[in-house]
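Colleague: Got a minute to go through this model with me? I'd like to fire off some questions while we look at it.

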Amino acid sequence: MFSINLIIFWLVLLAVRPTRKIALALAPWLAFAVSYDSMRFFPNYEFRPIDIRGLFEAERSLFGITTATGTLIPGEWFDIHNCAFADFMAGFFYLCWVPVPLGFAIYLYLKGKREAYLRFSIAFLFVNLVGFVGYYIHPAAPPWYAINYGFEPILNTPGNVAGLDRFDTLVGFPVFHSIYCNNSNVFAAVPSLHAAYMLVTTIYAVKSREHLLTICVFAFICMGIWWTAVYTTHHYIIDVLLGILTTIIAVGLLEGVIFRIGCVKRGMERYIKSIKNQ
């Protein structure tokens with residue numbers, strides 16, 4: 001229903017002449033939202049087995065922390081060793097996950113940097129699509145699932161705020177409970193697109209020659225999200241590394257190959273022209 005309403009709204013924008021350019025500019029973001037929403041109708045765990053034990057044991061083998069009670073994965077160690085300041089920063093970083101990339105796209109559009117806007121928007125969409133393919137190739141549970149439920153798959157398991165619960169408790173408001181409790185598929189942890197979003201945003205801030213301070217802030221938030229993903233047991237370090245790799249490969253393929261194909265290049269030029277102010 002969400003996708004249908006979104007498409008109808010977009011078609012209305014497209015049909016009205018004063019908002020037509022905005023509708024055309026929003027097309028990559030519409031495609032992202034609709035593709036993300038549509039995955040709940042085709043759960044990845046219906047196509048391939050869910051990896052629960054394999055990732056957990058690989059994480060413990062590669063990044064395990066030795067303690068008096070045994071070897072813990074980093075997420076388990078952070079469950080024991082945390083503090084209010086780190087919890088607050090973790091919540092701040094995770095709240096930047098989508099708003100900052102979206103805000104950056106709006107900034108580029110309003111500043112008249114239409115080519116930079118379009119390249120970033122398409123790259124953001126492309127990174128997501130590559131990541132979504134990864135979800136279906138390798139359905140995987142996050143660390144909190146293995147910690148709470150063990151290694152047997154329980155389909156339709158509700159979303160979980162995991163370590164972000166500490167942020168909600170700290171601020172006295174269920175910020176992340178309202179977000180994660182409605183998560184329709186918890187077995188989509190590899191690659192970590194949390195790790196990807198701010199990385200692709202930082203890359204295009206550099207490519208569009210934004211102020212050094214802006215780039216540094218984006219990079220700081222990016223690394224903060226990588227840390228938060230592990231700190232809150234939402235992702236393994238392996239997930240984060242694969243999310244970074246997904247971004248690098250997708251952006252490299254897009255900028256180094258796809259955007260240089262003759263017909264794509266001409267199509268991009270026409271697209272950019274169609275969303276520019278005359």
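What follows is our chat about this predicted model, going from the overall fold down to single residues.

Colleague: How many helices and strands does the protein chain have?

Modeller: Have a look at the secondary structure along the protein chain, keeping in mind that this is a predicted model. The count comes to 14 helices and two strands.

Colleague: And what radius of gyration does the protein chain have, set against the globule rule?

Modeller: For 278 residues the globule rule gives 19 Å, and the chain comes out close to that, so it is as compact as a globular protein of that length. Along its principal axes, the C-alpha trace spans about 70 × 45 × 40 Å. The radius of gyration itself is 20 Å.

Colleague: What share of the contacts with a separation of 6 or more joins residues 24 or more positions apart?

Modeller: Of the 278 residues, 46% count as buried. As for the contacts with a separation of 6 or more, the share from residues 24 or more positions apart is 78%.

Colleague: How far apart are the mean positions of the positive and negative charges?

Modeller: The protein chain carries 20 positive and 16 negative charges. Take the mean position of each set, and the two are separated by 21 Å.

Colleague: Which helix gives the largest share of the largest nonpolar core?

Modeller: That core has 60 residues, and Tyr-117, Phe-120, Phe-176, Val-200 and Tyr-204 touch the most other members. Eleven of the core residues come from one helix, spanning residues 114–137, and that is the largest share. The element you want is helix 7.

Colleague: Sticking with Tyr-117, which residues does it touch beyond four places in sequence?

Modeller: Tyr-117 is among the core members that touch the most others. Leaving out residues up to four places away, its contacts are Ala-25, Leu-26, Trp-29, Ala-105, Leu-108, Tyr-109 and Ile-275.

Colleague: How many residues are in the other core?

Modeller: The other core lies apart from the one with 60 residues. Its members include Tyr-45, Leu-55, Ile-73 and Trp-144. Its size is 17 residues.

Colleague: Is Ala-140 buried or exposed?

Modeller: Ala-140 is in the loop between helix 7 and helix 8. Beyond its sequence neighbours it touches Ile-50, Asp-51, Leu-55, Val-186, Phe-187, Ala-188, Ala-189 and Val-190. Its relative accessible area is 0%, and the cut-off for buried is under 20%. So Ala-140 is buried.

Colleague: Where is the cis peptide bond?

Modeller: Most peptide bonds are trans. Here, one with omega near -5° is cis, and its second residue lies in the loop between helix 10 and helix 11. The bond runs from Val-190 to Pro-191.

Colleague: Which residues does Ser-192 contact beyond four places in sequence?

Modeller: Ser-192 is in the loop between helix 10 and helix 11. With a relative accessible area of 0%, Ser-192 is buried. Setting aside neighbours within four places, its contacts are His-235, Asp-239, Val-240 and Gly-243.

Colleague: What is phi of Arg-209, and is that residue buried or exposed?

Modeller: Most residues other than glycine have a negative phi. Arg-209, in the loop between helix 11 and helix 12, has a positive value, near 60°. At 75% relative accessible area, it is over the 50% cut-off, so Arg-209 is exposed.

Colleague: Then what about Thr-233, buried or exposed?

Modeller: Thr-233 also has a positive phi, near 60°. Its place is in the loop between helix 12 and helix 13. With a relative accessibility of 3%, Thr-233 counts as buried.

Colleague: Which residues does Glu-210 touch beyond four places in sequence?

Modeller: Glu-210 lies in the loop between helix 11 and helix 12. At 9% relative accessibility, this residue counts as buried. Its contacts, not counting residues up to four places away, are Phe-104, Tyr-107, Leu-108, Lys-113, Ala-205 and Ile-215.

Colleague: Last one: what is the relative accessible area of Leu-14?

Modeller: Leu-14 is in helix 1. Beyond four places in sequence, Leu-14 touches Arg-20, Ala-23 and Leu-24. Leu-14 is partly exposed, with a relative accessible area of 25%.

Methods. Residues are numbered from 1 along each chain as its sequence is written. This is a predicted model: local features need pLDDT of at least 70, side-chain atom pairs count only at pLDDT 80 or more; totals for chains, interfaces and linings use all residues. Side-chain values use heavy atoms; hydrogens and water are left out. Helices (H or I, at least four residues) and strands (E, at least two) are DSSP runs, numbered from the N terminus. The radius of gyration is taken over C-alpha atoms; the globule rule is 2.2 Å times the number of residues to the power 0.38. Buried means under 20% relative accessible area, exposed over 50%, partly exposed in between (1.4 Å probe, protein chains only). Contact means heavy atoms within 4.5 Å. Lys and Arg count as positive and Asp and Glu as negative; His and the chain ends are not counted. The place of a charge is taken as NZ of Lys, CZ of Arg, CG of Asp or CD of Glu. A nonpolar core is a set of buried Ala, Val, Leu, Ile, Met, Phe, Trp, Tyr and Cys residues joined through side-chain atoms within 4.5 Å.
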